[in-house]
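Hi there,

Here is the structure I promised to pass on to you. Please open it alongside this message, and then read on for what turned up.

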Amino acid sequence: TACGQVRLKDVARLEGAGPVSLIGYGLVVGLNGTGDRHTSTFTEQSVANMLDRFGITVSQRDLRLRNVAAVMVTAQVSPFVRSGSQFDVEVASIGDASSLAGGTLLPTPLSDLDGGVWGHARGPISVGGFNIEAGRVSVRKNYTLVGRVPGGGQAVHGDTARTVFGEMRFILQRPDFTTAQRAAEALNTQFGPGTAQALDAVSVLVTPPPAAEGQTPVDFIAQAEMVTLNVDVPARVVINERTGTVVVGENVKLRPAAVTHGSISIAVKSAPIISQPNPFGQGQTVVAPLDQITVEERQTPLVELSEGANVGDVATALNSLGVTPSDLIAIFQALQEAGALQGELVII
């Protein structure tokens, strides 16, 4: 693989081969008093309905459950899954339980968004943490209301998607006209002219050439997925203000600009001043606050950015200012407003 090139399978997938989202409603049992409370009436109703299936009639009003929690079960599976295949499932509480640690998921049907049943899930839940409460004191590690059941899902769907040898489409994960055109050119170079055609920014139509008639669909798709191409990356600066993360894409350029950034820090301190009366006086001791305000402004140089500066030049110039991540976010926003940032500014 040439430097800077990626495989087609890393940036695109075969049409119809996307993951299928599954969902189900279930019960987690075996909790140590951390399950749903009496206010979660749907949990009590679910338990009463389950017991009724086993010939046990219990009034919902008589149930006091603290070891059971109602959960939503979700999973993503391949459309090529076969009956008996196992997969991981995620479990999340929907009631007022305090923890799912130590619980076991009862057998739960899983269906797709159209209502078709694809499988079922069951097994012990792994939450990767704990939540211990004693009176008003609690100790918690990680989040214990969401967990996973590794290998807890089992497929029962028998009629799944099948690959037919003929016209097929590769769907790009990130729509881009340039990348779609490059993917078509790479496929035509590998299998011959006319094999591939970019239909739009998302899909590339592939028609197996006559030389591939003796191959199976799997053989041809495997060869097509290994074709390499250069992916075009948009000029983009991504900012996460919550964490102070700034990521600058390689194609980001700057027009000529001069940047300086100074920060002002204000500190307010309050110290008590005690005033006492003279000995044998009739006065009273008085405590009065004394406020002190200190203002400090950091001086920073004016840095000139030349036209066409790349990511390395931008990093070097901004590092010379000694800015923090929060300052860096403000600088990029100011550069965009000034029209000097040649790229898209994305705030997440």
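**Helix 2 and what follows it**

Gly55, just after helix 2, takes a positive phi of about 80°. Before going further, please keep in mind that this is a predicted model. Helix 2 itself covers residues 41-53, and its 13 residues span 19 Å from the first C-alpha to the last, close to the 18 Å expected at 1.5 Å a residue.

Which residues of helix 2 are buried? They are Thr43, Glu44, Ser46, Val47 and Ala48. These buried residues pack against two strands, namely strand 3 (20-29) and strand 4 (69-77). Gln45 is also found in helix 2. With a relative accessible area of 41%, Gln45 is partly exposed. If you follow the chain 15 residues on from Gln45 you reach Gln60, and the C-alpha atoms of the two are separated by 6.2 Å.

**The whole chain**

Stepping back, the protein contains six helices and 23 strands. Of its 348 residues, 34% are buried. When contacts between residues at least 6 apart in sequence are considered, 69% of them join residues at least 24 apart. The protein exposes about 20900 Å², and carbon and sulfur atoms supply 52% of that area.

**Two nonpolar cores**

In soluble globular proteins, nonpolar side chains tend to be buried together. Here the largest nonpolar core has 24 residues, and Val73, Phe87, Val89, Val91 and Leu105 have the most contacts inside it. At least two residues of this core come from each of strand 3, strand 4, strand 5 (86-93), strand 6 (104-111), strand 7 (117-124) and strand 10 (146-155). Strand 4 gives the largest share, five residues.

Val91 is a good place to start looking. Setting aside neighbours within four places in sequence, Val91 has contacts that include Val28, Val71, Val73, Leu100, Leu105, Ile125, Leu145 and Val149. There is also a second, separate core, with 21 residues, and among them are Ala12, Val204, Val206 and Phe220.

**Strand pairing around the first core**

Strand 6 and strand 7 are antiparallel partners over six bridges. One of the pairs joins Ser111 to Val117 in strand 7. The two strands form a hairpin with five residues between them, and Gly115 in the turn has a positive phi of about 95°. Strand 7 also pairs with strand 10, again in the antiparallel sense, over three bridges. There, Gly119 has Ala155 of strand 10 as its bridge partner.

**An enclosed strand**

Is strand 11 (residues 168-172) largely enclosed or left open? Four of its five residues are buried, so strand 11 is largely enclosed by the rest of the structure. Strand 11 has an antiparallel pairing with strand 2 (residues 12-14) over three bridges, where Arg13 stands opposite Ile171. Strand 11 is likewise antiparallel to strand 13 (residues 203-206), over four bridges. In that pairing, Arg169 is matched with Leu205 of strand 13.

**A three-stranded sheet and helix 6**

Further along the chain, three strands form an open sheet with mixed pairing, in the order 16-15-23. Strand 16 (245-248) and strand 23 (344-347) are at the edges with a single partner strand each, so one side of each has no neighbour in the sheet. From one strand to the next, the twist averages 15°. Strand 15 (residues 236-240) pairs with strand 16 in the antiparallel sense over four bridges, and Ile239 has Val246 of strand 16 as its bridge partner.

Helix 6 (residues 325-337) lies across strand 15, strand 16 and strand 23, and runs at about 45° to strand 16. Helix 6 has 13 residues and reaches 19 Å from first C-alpha to last, close to the 18 Å expected at 1.5 Å a residue. The buried residues of helix 6 are Asp327, Leu328, Ile329, Ile331, Phe332 and Leu335. Just after helix 6 comes Gly339, with a positive phi of about 80°.

Happy to go through any of this with you whenever suits.

Best wishes

Terms used: Residues are numbered from 1 along each chain as its sequence is written. This is a predicted model: local features need pLDDT of at least 70, side-chain atom pairs count only at pLDDT 80 or more; totals for chains, interfaces and linings use all residues. Side-chain values use heavy atoms; hydrogens and water are left out. The expected span of a helix is 1.5 Å times one less than its number of residues. Buried means under 20% relative accessible area, exposed over 50%, partly exposed in between (1.4 Å probe, protein chains only). Contact means heavy atoms within 4.5 Å. Two strands pair if DSSP finds at least two bridges between them. Axes are lines fitted to C-alpha atoms, for helices over the stretch in contact, and angles run from 0 to 180 degrees between N-to-C directions. Accessible areas come from the Shrake-Rupley method with a 1.4 Å probe; for residues, only the protein chains shown count as cover. A nonpolar core is a set of buried Ala, Val, Leu, Ile, Met, Phe, Trp, Tyr and Cys residues joined through side-chain atoms within 4.5 Å.
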